Amino acid sequence: MLRITAGKLANALRGTVSGTSRVAAVRCLHGTEESAEEFDKRYEKYFSREGIDGWEIRKGMNDLLGMDLVPSPKIIEAGLRAARRVNDIALAIRWLEGCKDKCGDHQATLYPFLLEKISPTLKELGVPTIEELGYDKPELALKSVYDL
Amino acid sequence: MSGEREVVGYGVNGSPIYIDCVEFPFPAIRYKEATPEICALREKELSDWKKLSLQEKKTLYRYSFGQTYAEFQHFTPEWKLIVGIGLWACAIGFLISLSYCAKLYGPFPETFEEERRQAQLRRIIQLEMQPITGLSSKWDYEKNKWK
C-alpha cells in the first residue's frame, strides 16, 4: 500500500516539476487563438461563398446568434447578401432582428451604429429595417384579457 | 408533424419542428404551408426586392416565421398564474397541517406541563449542565439567582 502511495506521489511530483513544458506542448496543439478580425473574415467568407444554400445560411446565423458577441456590420452585410442570393427576404429580416437582439443592454447605442453601417446594403437590396416594418413592437399581439 | 411545410434547415436534433426562440431563431421548417398566393409571391421575390410592397414583405416573413422577436419576447402576465398556483399550494399545505393539529395529534404529553418544565430547568441548573457558555453559566450559584 505504502509503495503504491509513494509511487503515486512520485508521479504527481514529477508532473508538477516538468508540468510547464508539457502544458505548453498541449496548448500548441490547439493552435493560436483566433483574433476578432480573423473571426469576422471567416464568417464573411462563409456567407459570401458562391453556391451557399439556405440550410448553411441558417446554420451560420444560428451559430452566430448563439455566441456571446454582436456580429460585426461586415458579417451582417454578408448574411444579408447571402439571403438575397438564396432569394429569401424573410431570412434577411429575421437576421436583422436577431442582430438587433444581440445588442442586449446596449441596444440604444449599438443598434443605431450597426444600422448606420449596414444601411447602404439595406437600401441596395431593398431590405426594410425592423422599424419600417413595425416589428420593433409586437404587431399581432393579442389585447390583454383584462382590458376587454 | 410538419405537414406540407418546406424543410429549410437542420433544426433541433434534426427534427422538423417549428419554434420561436432567441437561442435558436431559425427553425428547421417554414411556419406556413405554401399556398398559390405565397408561390406567386415567391416568384416575385426572385426579382428586385425593392419592387415588393411592405405588406408583401410582411406576408413573406409570416410565411417563414410565426412570431417576430418583439412578439415572442413580449412580457406576458403569466407570472400571475404561477404566483397564484404557488400561493394556493401554500394555503392547501397550511390547511392540511392545521387539520393534523385538530384531528390527528392527541394532547401534549405530560412533560409539557409548566410544573414539570420548571422542575426540569431546576435539575439542569443543579447538575451544572453547560457551565461555560450554556444555561448554567447564566446562573449565579452563590446568590442562587440568575446573573
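A helix crossing is called right-handed if the near helix is turned clockwise from the far one by less than a right angle. That term comes up shortly, in a predicted model of two chains, A and B.

**The two chains in outline**

Let's start with the overall make-up. Chain A has eight helices and zero strands, so its run of elements from the N terminus is simply α-α-α-α-α-α-α-α. Chain B mixes things a bit, with five helices and two strands. Read from the N terminus, the order in chain B is α-α-α-α-α-β-β.

Burial comes out at 36% of the 148 residues in chain A and at 29% of the 147 residues in chain B. Then there's the question of how far along the sequence the contacts reach. Take contacts in chain A between residues at least 6 apart in sequence: 67% of them join residues at least 24 apart. For chain B, that share is 35%.

**Helix α6 of chain A and its neighbour α7**

Now for the right-handed crossing. Helix α6 (residues 89-102) of chain A packs with helix α7 (residues 107-125) of chain A at an angle of about 150 degrees, and their axes are 9 Å apart. Angles over 145 degrees count as roughly antiparallel, and α6(A) and α7(A) are therefore roughly antiparallel to each other. Their crossing is the right-handed one.

Who does the touching? On the α6(A) side you'll find A:Leu96, A:Cys99, A:Lys100 and A:Asp101, and on the α7(A) side A:Gln107, A:Tyr111, A:Leu114, A:Ile118 and A:Leu122. Sorted by character, the residues of this contact are six nonpolar, one polar and two charged.

**Helix α6 of chain A meets chain B**

Helix α6(A) also packs with α2(B), at an angle of about 80 degrees and with the axes 8 Å apart. That makes α6(A) roughly perpendicular to α2(B). Here α6(A) brings A:Ile89, A:Ala90, A:Ile93, A:Arg94 and A:Glu97, while α2(B) answers with B:Lys57, B:Leu60, B:Tyr61 and B:Ser64. This contact divides into five nonpolar, one polar and three charged residues.

**How enclosed is α2 of chain B?**

Helix α2 (residues 54-64) of chain B has eleven residues and eight of them are buried, so this helix is largely enclosed by the rest of the structure. The buried ones are B:Glu56, B:Lys57, B:Lys58, B:Leu60, B:Tyr61, B:Arg62, B:Tyr63 and B:Ser64. What do they pack against? From chain A, α6 and α8 (130-133); from chain B, α1 (36-45) and α3 (69-72).

**Salt bridges**

Across all chains, a search of the whole structure finds 17 salt bridges. Here are some of them, with the N to O distance for each pair.

| Residue | Partner | Closest N to O |
|---|---|---|
| A:Glu124 | A:Arg81 | 3.1 Å |
| B:Glu45 | B:Arg42 | 3.0 Å |
| B:Arg116 | B:Glu113 | 3.9 Å |

Take the chain A pair. A:Glu124 forms a salt bridge with A:Arg81. A:Glu124 sits in helix α7 of chain A and A:Arg81 in helix α5 (residues 73-85) of chain A, so the pair ties together parts that are 43 residues apart in sequence. A:Glu124 counts as partly exposed at 44% relative accessibility, and A:Arg81 counts as partly exposed at 32%.

The B:Glu45 and B:Arg42 pair is a local affair: both residues are in helix α1 of chain B, and being three residues apart, they are separated by about one helical turn. An α-helix has 3.6 residues a turn, so residues three or four places apart point the same way. Is B:Glu45 buried or exposed? At 0% relative accessibility, B:Glu45 counts as buried.

The side chains of B:Arg116 and B:Glu113 make another salt bridge. B:Arg116 is partly exposed, with a relative accessible area of 41%, and B:Glu113 is partly exposed too, at 44%. Elsewhere, which residues are joined by salt bridges that share partners? A:Arg58, A:Asp88, B:Glu6 and B:Arg30 are linked that way into one network.

How values were computed
Residues are numbered from 1 along each chain as its sequence is written. Chains are lettered from A and ligands numbered from 1 in the order in which they are written. This is a predicted model: local features need pLDDT of at least 70, side-chain atom pairs count only at pLDDT 80 or more; totals for chains, interfaces and linings use all residues. Side-chain values use heavy atoms; hydrogens and water are left out. Axes are lines fitted to C-alpha atoms, for helices over the stretch in contact, and angles run from 0 to 180 degrees between N-to-C directions. Helices (H or I, at least four residues) and strands (E, at least two) are DSSP runs, numbered from the N terminus. Angles under 35 degrees count as roughly parallel, over 145 as roughly antiparallel, 65 to 115 as roughly perpendicular and the rest as oblique. Contact means heavy atoms within 4.5 Å. Ala, Val, Leu, Ile, Met, Phe, Trp, Tyr, Cys and Pro count as nonpolar, Asp, Glu, Lys and Arg as charged, and the others, Gly among them, as polar. Buried means under 20% relative accessible area, exposed over 50%, partly exposed in between (1.4 Å probe, protein chains only). A salt bridge is a side-chain nitrogen of Lys or Arg within 4 Å of a carboxyl oxygen of Asp or Glu.
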